[in-house]
Amino acid sequence: MTDDASKRCIPIRFHSRAPPVITARQYLRRIVQFASVENCCLLMLLLYFDRVAERTTPKLLISSLTVHRLVIASITVASKALCDNYYTNAYYAKVRSRL
């Protein structure tokens, strides 16, 4: 994230204080491994990111401070909306918290 972009971006609930030590790719793999995420949920993840970034005011900057929380929230919503079998919020929180 550049200095200019970070100045225009107002922190919201999805912002972490510091970037997690795990990369976004490793984090997504971990969620897929422990939560048995279906492919349709991964596709919805992209759609959710696009819509959130487009519709928030001020614009939500997807960065290393926001991506991990946006991923778990999007996967949770997509799983509950599209899948017959999904985990509880508490389970998704456990997967998220073990970084």
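**Exercise 1. State the exposed surface of the protein and its chemical make-up, and then describe the overall fold.**

Solution. The exposed area of the protein is about 6900 Å², and 55% of it is supplied by carbon and sulfur atoms. Such areas come from the Shrake-Rupley method with a 1.4 Å probe, where for residues only the protein chains shown count as cover. The model is predicted: local features need pLDDT of at least 70, side-chain atom pairs count only at pLDDT 80 or more, and totals for chains, interfaces and linings use all residues. Residues are numbered from 1 along each chain as its sequence is written, and side-chain values use heavy atoms, with hydrogens and water left out.

The next step is burial. Buried means under 20% relative accessible area, exposed over 50%, and partly exposed in between (1.4 Å probe, protein chains only). By this criterion, 31% of the 99 residues are buried.

The secondary structure follows. Helices (H or I, at least four residues) and strands (E, at least two) are DSSP runs numbered from the N terminus. The protein has 5 helices and 0 strands, in the order α-α-α-α-α from the N terminus on.

Lastly, the contacts, meaning heavy atoms within 4.5 Å: of those with a separation of 6 or more, 73% join residues 24 or more positions apart.

**Exercise 2. Determine which side of α2 and of α3 is buried, and compare each helix with its expected span.**

Solution. The expected span of a helix is 1.5 Å times one less than its number of residues. Helix α2 has 12 residues and reaches 16 Å from its first C-alpha to its last, close to the 16 Å expected at 1.5 Å a residue. The buried residues of α2 are Tyr27, Arg30, Ile31 and Ala35. They lie on the same side of α2, because they cover an arc of only 100 degrees around the axis; the arc is that of the directions from the helix axis to the C-beta atoms. Arg25, Arg29 and Gln33 are exposed on the other side of α2. Just after α2, Ser36 takes a positive phi of about 50 degrees.

For α3, the 17 residues should span 24 Å at 1.5 Å a residue, and the end C-alpha atoms are 25 Å apart, which agrees. Cys41, Leu45, Tyr48 and Phe49 are the buried residues of α3. Their arc around the axis is only 105 degrees, so they are on the same side of α3. On the other side of α3, the exposed residues are Asn39, Leu43, Leu46 and Arg55. The buried residues of α3 pack against α2 and α4.

A general rule helps to read both patterns: an α-helix has 3.6 residues a turn, so residues three or four places apart point the same way.

**Exercise 3. Identify the largest nonpolar core and the helices that supply it.**

Solution. A nonpolar core is a set of buried Ala, Val, Leu, Ile, Met, Phe, Trp, Tyr and Cys residues joined through side-chain atoms within 4.5 Å. The largest one has 18 residues, and those with the most contacts inside it are Tyr27, Ile31, Val37, Phe49, Val71 and Ile75. Helices α2 (24-35), α3 (39-55), α4 and α5 (89-97) each supply at least two residues of this core. The largest share, 6 residues, comes from α4.

Two residues illustrate the packing. Not counting residues up to four places away in sequence, Ile75 touches Ile31, Val37, Cys41, Leu42, Leu45 and Tyr92. Val95, in helix α5, is buried at 5% relative accessibility. Val95 and Ile31 are 64 residues apart in sequence and 6.7 Å apart in space, C-alpha to C-alpha. Beyond its neighbours within four places in sequence, Val95 is in contact with Arg30, Ile31 and Phe34.

**Exercise 4. Examine the polar residues His68 and Ser79 within α4.**

Solution. Helix α4 has 16 residues and reaches 22 Å between its first and last C-alpha, close to the 22 Å expected at 1.5 Å a residue. Its buried residues include His68 and Ser79.

His68 is in helix α4 (residues 67-82) and has a relative accessible area of 7%, so it is buried. A polar atom of the His68 side chain lies 2.9 Å from the backbone oxygen of Ile22. Leaving aside neighbours within four places in sequence, His68 is in contact with Pro20, Ile22, Thr23, Ala24 and Tyr27.

Ser79 has a relative accessible area of 4% and is therefore buried. With neighbours within four places in sequence left aside, Ser79 is in contact with Cys41, Tyr86 and Tyr92.

Conventions. A polar contact is a pair of N or O atoms within 3.5 Å; within protein, one must be able to donate a hydrogen and the other to accept it, and residues adjacent in sequence count only if both atoms are side-chain atoms.
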